[in-house]
Amino acid sequence: MAVVAGALHRDDGRWLMHQRPAGKHHAGLWEFPGGKVEAHEMPLESLIRELAEELGIACPQAALAPVGFAEGGTAGSPQALVILLYKVSAWEGEPQALEGGAVGWFTPAEVLALPKPPLDVLLARQLFQNV
């Protein structure tokens, strides 16, 4: 299953993370926002759609740049999961948790220390490897 995620970066050096809502897989853990790539979509189209649905923001495609990926299985499922991470450098609107959970802005060190699902741990390490 292909999944896309966005690493939103503010000018003050902080990065947005989304806390998974109660009742969902990995509830309470922090992740890069995003979601599944639908069969009719290219990954960038999916990310733009997912960020609008989850955070209420509009992102121009030119503001998205690939920065890494992580792959693995999910607990209790034989289905493979591949997450493509994109850095998001510009958007319109103020990000908010429209589908539950919470959002927060964190320094790279804080992001690395947050409790995250295993693949988001790998993505954060890739994103901040040169920081």
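## The setting of D120

Where does D120 have its place? In this predicted model, D120 is found in helix α3. D120 is buried yet takes part in no salt bridge, and R20, the nearest side chain of opposite charge, is 7.7 Å away, whereas a salt bridge requires the charged atoms to lie within 4 Å.

What the side chain of D120 does reach is the backbone nitrogen of F32, at 3.0 Å. Leaving aside residues up to four places away in sequence, D120 touches W30, E31 and F32.

## The ring pair of W30 and F106

W30, one of the residues that D120 touches, also belongs to an aromatic pair, and the count of such pairs comes to 3. Another of these pairs joins W15 and F128, which meet edge-to-face with 5.3 Å centre to centre and 75° between the planes. This pair links distant parts of the chain, with W15 in strand β2 (residues 15-19) and F128 in the segment after α3 (118-127), 113 residues apart. Both W15 and F128 are buried.

In the pair of W30 and F106, the ring centres are 5.2 Å apart and the planes stand at 75°, so the arrangement is edge-to-face. Because W30 lies in strand β3 (residues 30-31) and F106 in strand β7 (residues 102-106), the pair ties together parts that are 76 residues apart in sequence.

## Burial of the W30 and F106 rings

W30 is buried, with a relative accessible area of 12%, and F106 is likewise buried, with a relative accessible area of 15%; each counts as buried because its value is under 20%.

Conventions:
Residues numbered from 1 in each chain as written. Predicted model: local features only at pLDDT ≥ 70, side-chain atom pairs only at ≥ 80, totals over all residues. Heavy atoms only, no water. Phe/Tyr/Trp six-rings, centres within 6.5 Å; stacked < 30°, edge-to-face > 60°. Helix = DSSP H or I, 4+ residues; strand = E, 2+ residues; numbered from the N terminus. Buried < 20%, exposed > 50% of the residue type's maximum accessible area, 1.4 Å probe, protein only. Lys, Arg positive; Asp, Glu negative; His and termini not counted. Polar contact = N/O pair within 3.5 Å; in protein donor to acceptor, adjacent residues only side chain to side chain. Contact = heavy atoms within 4.5 Å.
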